There are 2 protein chains.
Amino acid sequence: MFTRDAVDPADPNYGAPFTLEQAQQHISKSPVGNRITWHQALPEEFLASTETTWDIAVLSHCIWYFESPESLRNILTALKGRVTHVCIAEYALHATQKAAIPHVLASIARGTLESYRNESNANIRSPMSPQAITQVATQVGWSLQRQCTGIPELELLDGHWEVSSVTHDHFVREIEESVQNDRLKLIIESTRQATVAAVGTLNGGKVGTMDVWVAIFSLAV
Amino acid sequence: MFTRDAVDPADPNYGAPFTLEQAQQHISKSPVGNRITWHQALPEEFLASTETTWDIAVLSHCIWYFESPESLRNILTALKGRVTHVCIAEYALHATQKAAIPHVLASIARGTLESYRNESNANIRSPMSPQAITQVATQVGWSLQRQCTGIPELELLDGHWEVSSVTHDHFVREIEESVQNDRLKLIIESTRQATVAAVGTLNGGKVGTMDVWVAIFSLAV
């Protein structure tokens, strides 16, 4: 009766402190767990493989992983007529808390570097702003119903991880390997240094995670 | 006895609320004004045109205007043996004050856009970090003696101007005209939206200007 399909293309061993598989097993053992079917697939491929319809589609922190904004466009187009609402959670590109400002800067540095790479497995490949996501959704026929932003607790480690990957020396080598143009190198290195400087003013305090944008879309009438 | 040469390639009518010419006249009328000779020239060309030596060279908020980091390298190389100290003032790519965070983000957005343009008259073409400037200086034989950062008063309008130019709709058209690659467009648009979001949290308050880095270099021995 209630079809719950959960789609993630990642390797079951991906993730920390718990792997994707461990997280899925945790949910499967919950009171609602037996309603959920897990699919290791790309969302576009999954939608093409079935004619199932649902009431709601939830895109939870997946858009920034997409190879390009075209993936979002294809998914939102494929969902038309198959769900009545699309709920989206994604980073807001904004930090209410000072501790999360390095996360905003690091995501821009990482996003700029990845934009030069054809093959990338980084977590940030399409760091679309809430405005850009809303624009694509509107263009394919979805209408923004409600939106708000939330501030993650310091226990959420995503900001810390992203910032660590950008401030680490390895990131400098990644720039050297991926970017030929000196002016482009310069701006990515400067964005990295802006991240380092923003971490510096936390006086050793924890790096936080930026605000999360949450939005509900329905089919435009 | 005391030779004071002041070099700026800009048009005398450039600048607001006072033009460059007005600012120069203001200084010339001061008690030390008659010691200063103004030169409308590129620093590299000026240094090649004379064999004058000085005690100190001051590079005051000029590096970000340079066409590429090579200009800085050439100038610092040409100054060897002709001054004993080089003093540098440039933006720190860091904002101590919340009101200046939009300026950091706007300068990254502008810098990334300009890195794709061969011909540019923008104020930000080589937004080098203090670390990158120090690295170039060290490579050509200068040694960092002292450094500190200062926080500009809200009356300094540079942050406000740069942020306005990036948050204005015109910047979106500049991206469209200058950048072909969709993924590159995305990251510049996202950095622009991060700037807009950072302005939004000032609740209508003034946009500030980011910290200024000040450094003194001497010849390494």
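How do α4(B) and α8(B) lie relative to each other? Let's walk there and find out.

**Before you click.** You have a predicted model open, in which local features need pLDDT of at least 70 and side-chain atom pairs count only at pLDDT 80 or more, while totals for chains, interfaces and linings use all residues. Residues are numbered from 1 along each chain as its sequence is written, chains are lettered from A and ligands numbered from 1 in the order in which they are written, and side-chain values use heavy atoms, with hydrogens and water left out.

**Stop 1: two helices of chain B.** Select residues 101-114 of chain B, helix α4, and then residues 182-200 of chain B, helix α8. Helices here are DSSP runs (H or I, at least four residues) and strands are too (E, at least two), numbered from the N terminus. Their axes lie 9 Å apart and the packing angle is about 165°; axes are lines fitted to C-alpha atoms, for helices over the stretch in contact, and angles run from 0 to 180 degrees between N-to-C directions. So α4(B) and α8(B) are roughly antiparallel to each other (angles under 35 degrees count as roughly parallel, over 145 as roughly antiparallel, 65 to 115 as roughly perpendicular and the rest as oblique). The crossing of α4(B) over α8(B) is left-handed, meaning that the near helix is turned anticlockwise from the far one by less than a right angle; clockwise would be right-handed.

Now show side chains. On α4(B) the contact residues include I101(B), L105(B) and I108(B), and on α8(B) they include I188(B), T191(B) and V199(B). Contact means heavy atoms within 4.5 Å. Colour this patch by class and you get 11 nonpolar, 3 polar and 1 charged residues. For that colouring, Ala, Val, Leu, Ile, Met, Phe, Trp, Tyr, Cys and Pro count as nonpolar, Asp, Glu, Lys and Arg as charged, and the others, Gly among them, as polar.

**Stop 2: across to chain A.** Keep α4(B) and add residues 182-200 of chain A, helix α8. The two axes come within 9 Å and cross at roughly 165°, so α8(A) is roughly antiparallel to α4(B). This crossing is left-handed. From α8(A), look for R183(A), I187(A), T191(A) and A194(A); from α4(B), the partners include V104(B), I108(B) and E114(B). Here the classes come out as 4 nonpolar, 4 polar and 2 charged.

Zoom out to both chains. In all, 34 residues of chain A touch 33 residues of chain B. Together the chains bury about 2800 Å², 65% of it on carbon and sulfur atoms; buried area is the accessible area (1.4 Å probe) that two parts lose on being put together, summed over both. On the chain A side, select R183(A), L186(A) and I187(A): they lose the most area to chain B, together 24% of what that side buries.

**Stop 3: a hunt for salt bridges.** How many salt bridges are there between chain A and chain B? The count is 0, although the structure holds 12 over all chains. A salt bridge is a side-chain nitrogen of Lys or Arg within 4 Å of a carboxyl oxygen of Asp or Glu. For one inside chain B, pick R73(B) and E70(B), which meet at 3.3 Å, N to O. They sit 3 residues apart in helix α3 (residues 69-78) of chain B, so about one helical turn separates them.

**Stop 4: on to α5.** Stay on α3(B) and add residues 130-139 of chain B, helix α5. Their axes come within 9 Å and cross at roughly 40°, which makes α3(B) oblique to α5(B). This crossing is right-handed. R73(B) turns up again here: with L72(B) and L76(B), it meets I133(B), V136(B), A137(B) and Q139(B).

**Last stop: backbone details.** Select A16(A) and P17(A), joined by a cis peptide bond with omega about 0°. P17(A) is in the loop between β1 (4-7) and α1 (20-28) of chain A. In chain B, A cis peptide bond joins A16(B) and P17(B). Finish on L93(B), which is not a glycine but has a positive phi of about 55°; find it in the loop between β4 (85-91) and α4 of chain B.
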